[in-house]
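Take a look at the protein shown here, and at the ligand it holds. Then read on for a short tour.

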Amino acid sequence: MRNYTKIKDIQNLSETIKEAILLKMNPFEFSELGKNKTLVMLFFNSSLRTRLSTEKAAKNLGMNVTILNVNDAWNLEFEDGAIMNMDKSEHVKDAAQVISQYADIIAVRAFPSLTDKAKDESELILNSFKKHATVPIINMESATAHPLQALADAITITELTEKAKPKVVLSWAPHPKALPQAVANSFVEMMQAMEIDLTITHPEGYELNDEITKDTPINYNQEEALKEADFVYVKNWSSYKDYGKVLHQDKNWMMTKAKLGHAKFMHCLPLRRNVVVEDAVLDSDQSVVIKQANNRTYAAQVVLKQILENL
Ligand code: CP
C-alpha cells in the first residue's frame, strides 16, 4: 500500500481484515518494522480515538510519533497561485515538503466546512498533502471519508458475526449540531465491499451522496428497516442535498432498546447519550462500541504495516 486515503487503497480487504485480527492477537510481532521511522500526525480538528489509537498502532510497530495540532502552527494557504498578503503565513506546498523531511508517513485529519460542498468534495486539504508531500499519506478523517474507522468497523463485524452474510442497518440519529457525512460514507462503502446485507434508514432529506449509496436499499421507515437486523450502526449526519443543514432533530429516530431488538449496537463515538441512543442500549451487552474503539488500533496498525512494507 502506498497511501490510505480511501477504502479502495486496500488491495485485498478480506486478507487485510484477517491480518488486523492476527495483529490484535500478537501486537508486537512486527515491532522492528517501524524502527527509526517516524509517523507525523497532523490534526486540523479534535480527536480522541484516532489520535490515541493511531499513535499506539505506530508504537506497536516500533515507530516514532510526532503530533502537530495544525491550528497551533502557521496559518496555511491551500490555493494555488495565491497572493499571500493576508492572514495566511505558509503555503501547503512548502509545509508538506518540509514535514516530509521529518516524516516517513504523514497522517492528516481535516473535517469539511459543511458550507461549500464543491470545496469539501475536492478534499482540498487531504489532496494538497497527497500532492505536495514526498511520503505516504493516511486519511485520519477528511471532508468526505473516514476509512480508518470503516476498517475498524469491518474488523468488528467480522469478529462478531454469527452469519456468513449478516444484515447490517445504518440508521440516522438526531443531533443538535451539523455533523459531516464522512463516517456514514465510508461505512457504506466498506459494507458494500463485504458480504453484508446492508440497508440504510433515515428521514427524507438526509439522503447521502447517491454516487456512494448506489444500489443499497434506503428505507425511510426505521422500524421496517430494523427488522431482523444483526448489527445496527447508528450515526448522525447533516443533510447532503441541503448541504450541511440540520433539517430537524426528530427524537423518534433515537435508538432505543425496543427498536434494537436482538441486534448489536455500533457507533464510531463520540456520541451524545439520550440524544443519539438511550443509556439502556449503550450500557447493555448488545453495545459493541468499545470493541470498535479497540479495533481502531489494529485498523491503523495493519495500514501502517502495509505502508511500511512498501517503503
Ligand atoms: N471515531 C473517531 O474518529 O473518534 P475521534 O474523533 O475521537 O478520533
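This report covers the domains, the ligand site and a few single residues of a predicted model.

## Two domains

The domain assignment splits the chain in two. Domain 1 covers 7-145 + 296-308. Domain 2 covers 147-292. Note that domain 1 is given as two stretches of sequence.

How far apart are the C-alpha centres of domain 1 and domain 2? They lie 25 Å apart. The domains also touch: 31 residues of domain 1 are in contact with 32 residues of domain 2.

## Where the ligand sits

Which residues surround the ligand? The list starts with Ser47, Leu48, Arg49 and Thr50. Arg109, His146 and Gln149 are also part of it. Cys268, Leu269 and Arg296 complete it. By class, three of these shell residues are nonpolar, four are polar and three are charged.

Why is the ligand said to lie between the domains? Domain 1 and domain 2 both give residues to its shell, so the ligand lies between them.

## Contacts with the ligand

Two side chains come to oxygen atoms of the ligand. For Arg109, an N or O atom of the side chain is 2.8 Å from a ligand oxygen. For His146, an N or O atom of the side chain is also 2.8 Å from a ligand oxygen. Leu269 takes part through its backbone: a polar backbone atom there is 2.9 Å from a nitrogen atom of the ligand.

How much of the ligand does the protein bury? Taken alone, the ligand exposes 260 Å². The protein buries 93% of that area.

## A cis bond after Leu269

Leu269 has a second point of interest. A cis peptide bond joins Leu269 to Pro270, with omega at about 0°. Most peptide bonds are trans. Pro270 is placed in the loop between β11 (264-266) and α11 (279-282).

## Two buried residues

Ser238 is in the loop between β10 (231-235) and α10 (257-260). Is Ser238 buried or exposed? Its relative accessible area is 2%. The cut-off for buried is under 20%, so Ser238 counts as buried. Its side chain reaches the backbone oxygen of Leu179 at 2.7 Å. Leaving out residues up to four places away in sequence, Ser238 touches Leu114, Ala178, Leu179, Gln181, Tyr206, Gly244 and Lys245.

Thr38 belongs to strand β1, which spans residues 38-43. Thr38 is buried too, with a relative accessible area of 13%. What does Thr38 touch, not counting residues up to four places away in sequence? Its partners are Met63, Asn64, Thr66, Tyr102, Ala103, Asp104 and Ile105.

## Two exposed residues with positive phi

Most residues other than glycine have a negative phi. Two residues here go the other way.

Lys214 is not a glycine, yet its phi is positive, at about 45°. Lys214 lies in the loop between α8 (210-213) and β9 (218-219). Its relative accessibility is 53%. Exposed means over 50%, so Lys214 counts as exposed.

Glu228 is not a glycine either, and its phi is positive, at about 60°. Where does Glu228 lie? It is in the loop between α9 (222-226) and β10. At 71% relative accessibility, Glu228 also counts as exposed.

Notes: Residues numbered from 1 in each chain as written. Predicted model: local features only at pLDDT ≥ 70, side-chain atom pairs only at ≥ 80, totals over all residues. Heavy atoms only, no water. Near = heavy atom within 4 Å. Polar contact = N/O pair within 3.5 Å; in protein donor to acceptor, adjacent residues only side chain to side chain. Areas by Shrake-Rupley, 256 points an atom, 1.4 Å probe, with all protein chains shown as cover. Nonpolar A, V, L, I, M, F, W, Y, C, P; charged D, E, K, R; others polar. Domains from an automatic or database assignment. Helix = DSSP H or I, 4+ residues; strand = E, 2+ residues; numbered from the N terminus. Buried < 20%, exposed > 50% of the residue type's maximum accessible area, 1.4 Å probe, protein only. Contact = heavy atoms within 4.5 Å.
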